[in-house]
Amino acid sequence: MSGDTEPGGRQGADGPGGDRDPFDTSVAHSARVHDYWLGGKDNYAADRAAGDAVIAAYPGIVKSVRANRAFLARAVHFLAAEAGIRQFLDIGTGIPAANNTHEVAQAAARDCRVVYVDYDPVVLAHARALLTSSAPGATDYIDADLRDLDTILAEAARTLDFSRPVAVMLIAVMHLIIDQDRPYEIVSRLMDAVPAGSYLALSQVASDIEAEQMAEAARRYNRLAHETQRHRTHAEVARFFDGLELVEPGLVPVQEWRPRSEVEARTRSAMWGGVGRKR
Ligand SMILES: C[S@@+](CC[C@H](N)C(=O)[O-])C[C@H]1O[C@@H](n2cnc3c(N)ncnc32)[C@H](O)[C@@H]1O
């Protein structure tokens, strides 16, 4: 949906979001800005203005978010088809786009179970598009904040068996968790909740690729958007994988993570991505 009426007709509704403030379409939100960059229609004037401000600072952003989406699909395919994972906890899901996690996972193994988590009301309004699991698999959607792990872990247990391996997916979301919200503790608590043989798939916006343009992009975005972006260096992103065994090729620009073609590998991005296994 485009324009300034609310996608899903939920303006001011409290719905499953409970007592949270109704969302404000005059301020850019990452889910909708991301949708704009991906060519979607679920964005408002404020999201497009923030999206354009970032494009003016870093014209590569559109290719970058597409490369990240392709990384998501390759990582999920690897986890389901090669690593034998059947359970996924995808936090910071975003507005449904091509190759949502359950579609890729269930194409590889029909019994995959996927729990989606996001805190954006527009993503919630589209949750039904994510709940189209084929039997014998399952999908669920949790309207929650990544910083509220008690809620996420309790509600995810409706669908996921935490005594068996789970792939925790944090794709293009950790740059929206600033340092004072303790991002490393969040990731390690999540990985403590899953057993050996589980995986972490994570990508995050880089501060040390196209450094000057990315710094200006962050300044512009942060002036206009609801969330504050915290871009991170390779070393800072690698720290999310502490204690895990990085699978080949390690933590790399997302397009270099097991690209399927020369064309994919040659795309540019300003995002680090990797997949790690809990021993
Ligand atoms: C840049 S989008 C990435 C979407 C998708 N993972 C992808 O890579 O295509 C970031 C998503 O994370 C969500 N998000 C940001 N901060 C969050 C938080 N604290 N809790 C839950 N979701 C959050 C946003 O609403 C948005 O949908």
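Five elements, α1, α3, β1 (87-91), β2 (113-118) and α9 (211-224), each hand at least two residues to the lining of the largest pocket. That pocket is a good place to start, since the ligand sits in it. Keep in mind that this is a predicted model. Below, we go from the pocket to the ligand, and then to two spots where the backbone does something less usual.

**The largest pocket**

- There is about 700 Å³ of space in the largest pocket. In general, you can find empty space like this by rolling a probe the size of a water molecule over the atoms.
- A total of 46 residues line the largest pocket. If you want to find its centre, look for S30, A172, V173, H175 and L176, which lie nearest to it.
- Which element supplies the largest share of the lining? That's α3, with six residues.
- Sort the lining residues by class and you get 25 nonpolar, 14 polar and seven charged.

**The ligand and its neighbours**

- Around the ligand there are 21 residues, and the closest are R69, G92, D118, L146 and I171.
- L146 also makes a polar contact: one of its backbone N or O atoms lies 2.8 Å from a nitrogen atom of the ligand.
- How much of the ligand does the protein bury? On its own the ligand exposes 600 Å², and the protein buries 98% of that.
- Two side chains reach the ligand with polar atoms. For N68, such an atom lies 3.0 Å from an oxygen atom of the ligand. For Y119, the partner is a nitrogen atom of the ligand, and the distance is 3.5 Å.

**Who makes up the shell**

- By class, the shell around the ligand holds nine nonpolar, six polar and six charged residues.
- Which element gives the most to this shell? Here the answer is α1, with three residues.

**Two backbone spots to look up**

- As background, most peptide bonds are trans, and most residues other than glycine have a negative phi.
- Now look at the peptide bond from E248 to P249: this one is cis, with omega near 10°. You'll find P249 in the loop between β6 (244-246) and β7 (252-253).
- E210 is the other spot: its phi is near 45°, a positive value in a residue that isn't glycine. E210 sits in the loop between β5 (199-205) and α9, and α9 is one of the elements that help line the largest pocket.

Note on methods
Residues are numbered from 1 along each chain as its sequence is written. This is a predicted model: local features need pLDDT of at least 70, side-chain atom pairs count only at pLDDT 80 or more; totals for chains, interfaces and linings use all residues. Side-chain values use heavy atoms; hydrogens and water are left out. A residue is near a molecule or strand if one of its heavy atoms lies within 4 Å of it. A polar contact is a pair of N or O atoms within 3.5 Å; within protein, one must be able to donate a hydrogen and the other to accept it, and residues adjacent in sequence count only if both atoms are side-chain atoms. Accessible areas come from the Shrake-Rupley method with a 1.4 Å probe; for residues, only the protein chains shown count as cover. On a 1 Å grid over the protein atoms alone, a cavity is a set of points where a 1.4 Å probe fits but cannot get out, and a pocket is an open set with protein on both sides within 12 Å along at least five of seven lines; lining residues have an atom within 4 Å of a point. A molecule sits in a cavity or pocket if more than half of its atoms lie within 2 Å of its grid points. Helices (H or I, at least four residues) and strands (E, at least two) are DSSP runs, numbered from the N terminus. Ala, Val, Leu, Ile, Met, Phe, Trp, Tyr, Cys and Pro count as nonpolar, Asp, Glu, Lys and Arg as charged, and the others, Gly among them, as polar. Grid points are joined across faces, edges and corners, and a volume is the space filled by probe spheres set on the points.
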